[in-house]
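These exercises look at ring pairs, at charges placed over rings and at one side chain with its contacts. Try each task on the structure before reading its solution.

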Amino acid sequence: MKKSLLAASALALAVSAGSALAADLPSKKAAPLLPPPPPPAVWTGFYVGLNAGYTWDESSSVAVSSGSIAPVNPIVGIAGSGSLGTSIDGFIGGGQIGYNYQFANAFVAGVEADIQGVAGSNSGTSSVAAFGPLTSTISASKSIDYLGTVRGRLGYLITPSLLVYGTGGLAYGQANLSSSVFQAVGGLVGTSSSAFSDTRVGWTAGGGVEWLFLPKWSAKVEYLYYDLGTVSTSSVISFTTVAGPAATTSSSARFNGHVVRAGVNYHFNLFSPAAAPVVAKY
């Protein structure tokens, strides 16, 4: 009996010691490591994109004045003038290329160049009867074929993926202005026409919001005001069957307006820095 009790006690002690030893051994199962939160996006790099929107005039008129001098008394120094309602309103669309540099964590500076075609123009016609028998009919039109800018940008990151910025710089565009005058008095008919078509250079300023919605892809909404200055043209009125002193007509218009557009950019070098590797320690 004593031997049985001693054997049972020895067995219990052995089992207890084995359990304690097993508890001290390291477990083969490790707690799963959660991935670190994504680091802030870095905006530094080149990008290209497309844009589309709407443009409208700030100065929607063409001023036209005309004078006539017929060498037959009493028709001397007869003149007419008018301001014609014209506008450049319509669709605008094109592309852009630029470079961003992120600094001080939340600031982004850069430069952007773009060019857009403009699909929209209007013209007006005015008829003026003045100075007795003279009838003067004036017509004019203006348009912009394309509009481009080269601008600096400076913005602040409200969040790592949301940029608010201001922008300004040079603006250029193909400005077109034409006018014609028809005058009739008695049996005399006088006509003149003038036209301007050339690239104008001015300035632009505005601002926008850009959102990085996917890696390397961003969307933006932007407003710009542009001013290409004032264009003036003049021409000489020619009267049929009459030779003598000539008179001129002149027209002028200011090419300035507003652009509201949306765009999408692809960023070549935009990236999120890779997280540092996790090394397990035992």
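**Before starting**

The model is predicted, so local features need pLDDT of at least 70 and side-chain atom pairs count only at pLDDT 80 or more, while totals for chains, interfaces and linings use all residues. Residues are numbered from 1 along each chain as its sequence is written, and side-chain values use heavy atoms, with hydrogens and water left out.

**Exercise 1. Classify the ring pair of Trp217 and Tyr266, and say how accessible each partner is.**

Start with accessibility: Tyr266 has a relative accessible area of 27% and is therefore partly exposed, because buried means under 20%, exposed over 50% and partly exposed in between (1.4 Å probe, protein chains only). Trp217, at 36%, is partly exposed as well.

Next comes the pairing rule: rings of Phe, Tyr and Trp (its six-membered ring) pair if their centres lie within 6.5 Å, and planes under 30 degrees apart count as stacked, over 60 as edge-to-face and the rest as tilted. The ring centres of Trp217 and Tyr266 are 5.1 Å apart and the planes stand at 65°, so this pair is edge-to-face.

Finally, place the partners: Trp217 belongs to strand β10 (residues 217-239) and Tyr266 to strand β11 (residues 247-267), so that the pair links distant parts of the chain, 49 residues apart. Strands (E, at least two residues) are DSSP runs, numbered from the N terminus.

**Exercise 2. Find which residues have a charged end over the ring of Phe255 and over the ring of Tyr165.**

The criterion is that NZ of Lys or CZ of Arg is within 6 Å of the ring centre and within 35 degrees of the ring normal. Over Phe255 sits the charged end of Lys142, 5.3 Å from the ring centre. Over Tyr165 it is the charged end of Arg153, 4.4 Å from the centre.

**Exercise 3. Describe the surroundings of Glu222, beginning with whether this residue is buried or exposed.**

Glu222, found in strand β10, is buried, with a relative accessible area of 2%.

Then look for polar contacts (pairs of N or O atoms within 3.5 Å; within protein, one must be able to donate a hydrogen and the other to accept it, and residues adjacent in sequence count only if both atoms are side-chain atoms). The side chain of Glu222 has one such contact of 2.8 Å with that of Tyr165 and one of 2.7 Å with that of Arg261.

Lastly, take contacts, meaning heavy atoms within 4.5 Å: leaving aside neighbours within four places in sequence, the partners of Glu222 include Glu112, Arg151, Thr167 and Val259.

Key: Helix = DSSP H or I, 4+ residues; strand = E, 2+ residues; numbered from the N terminus.
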